[in-house]
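Please examine the model shown below. The paragraphs that follow lead through an internal space, the helices around it, and one residue of interest.

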Amino acid sequence: MLESIPIIGRLLLAENGGLTFWEALPILQSGVVASIMVALLAGYLGIYVILKRIVFVSAALSQISSLGIAFFFLGSALLGSGAASAGLLPAEEGIVNGPLLSSLFFGCVTASILAVQVGEKKLTRESILGIGYALPAGLVFLILDKLAAETHDIENILFGNVIFVPERHLWLLAGTLVGVFSIHFLLYKRFVYISFDPETAQATGSNVRLLNQLLFVTLAFTISVSIAAIGALPVFSFLVMPAASALMLTDRLKIAFSLSMIFGVLSAAIGFYLSFVYSLPTGPAMLGAAGFFLIPGILKRGLGP
């Protein structure tokens, strides 16, 4: 049937290595499902990231979560099998493994700290974010340089070359998706209130500090779990680009949340398809697809009054 549609049929039935994407889908489905779940979650949280102007918080959390994973590999190399046999380093098997635990620890602790407004005028939160982004990035590359045996794994985590995602990561992503959406469903109005009018929320008795920390921790948890599954680059792009695309098209918050999740899911699906057909790295391909959805908003803003 698809063959009868002139251009779309040729696009959807393009082959790589003698297989179409649809014929290879049973092999690739774990990566596709993981990318779509991450895009859904990040697309939703991205609205808060853009509107609260905490893009650099998400960038710093991505780098620090990656540093947590790199530190785990470094610890494993330094301590060796003795620590593993003593149970100090969790085995790879199981839903929650060592790299993920390390990433979660680094990410959630940092998020709790960044959620608190800094009182020191000379060291603003922007300064801390700059340090929190640059220092982990440098340390990761230093660790990468010293761990030749783990270079391929760490590069995949950093740049996102997701093809096959272990089943345990799919279950963890599904649990994270349910947990984060449940928290945000129950506290939606409070999160919106403390995000955009914190002074009034404080005056009406809301615990702004606690709610803000909870919002940041859900962001950090999502970033850490997502990076362990599909890599840092696509996670950061899903946090920023779909939400920016949606907010350029509408000023209505609920529509923006919906549009951002739709753009994120479409970016993941299209990017994954293009990466298969043209043998591209998956993470950058999804980033490029997400960039396409910025065009309608840019045109609207450019042609608007």
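In this predicted model, helix α2, residues 21-51, and helix α10, residues 208-230, each contribute at least two residues to the lining of the largest cavity. The full set of lining residues is L45, Y48, V49, I54, L215, F216 and L219. When these are sorted by class, seven are nonpolar, while no polar and no charged residues take part. The enclosed space amounts to about 40 Å³, and the structure holds one cavity of 30 Å³ or more.

Helix α2, which helps to line this cavity, also packs against another helix, α11, formed by residues 232-249. The axes of α2 and α11 lie 7 Å apart and meet at an angle of about 60 degrees. The two helices are therefore oblique to one another, because an angle counts as roughly perpendicular only from 65 to 115 degrees and as roughly parallel only under 35 degrees. The crossing of α2 past α11 is right-handed.

Helix α10, the other contributor to the cavity lining, also contains R209. Is R209 buried or exposed? Its relative accessible area is 55%; exposed residues are those over 50%, and R209 is therefore exposed. R209 can also be located with respect to A115. These two residues are separated by 94 residues in sequence, yet their C-alpha atoms are 7.6 Å apart in space.

Notes
Residues numbered from 1 in each chain as written. Predicted model: local features only at pLDDT ≥ 70, side-chain atom pairs only at ≥ 80, totals over all residues. Heavy atoms only, no water. 1 Å grid on protein atoms, 1.4 Å probe; cavity = no way out; pocket = protein on both sides within 12 Å on 5 of 7 lines; lining within 4 Å. Points joined across faces, edges and corners; volume = space filled by probe spheres on them. Helix = DSSP H or I, 4+ residues; strand = E, 2+ residues; numbered from the N terminus. Nonpolar A, V, L, I, M, F, W, Y, C, P; charged D, E, K, R; others polar. Buried < 20%, exposed > 50% of the residue type's maximum accessible area, 1.4 Å probe, protein only. Axes fitted to C-alpha atoms, helices over the stretch in contact; angles between N-to-C directions. Parallel < 35°, antiparallel > 145°, perpendicular 65-115°, else oblique. Left-handed = near helix turned anticlockwise from the far one by under 90°.
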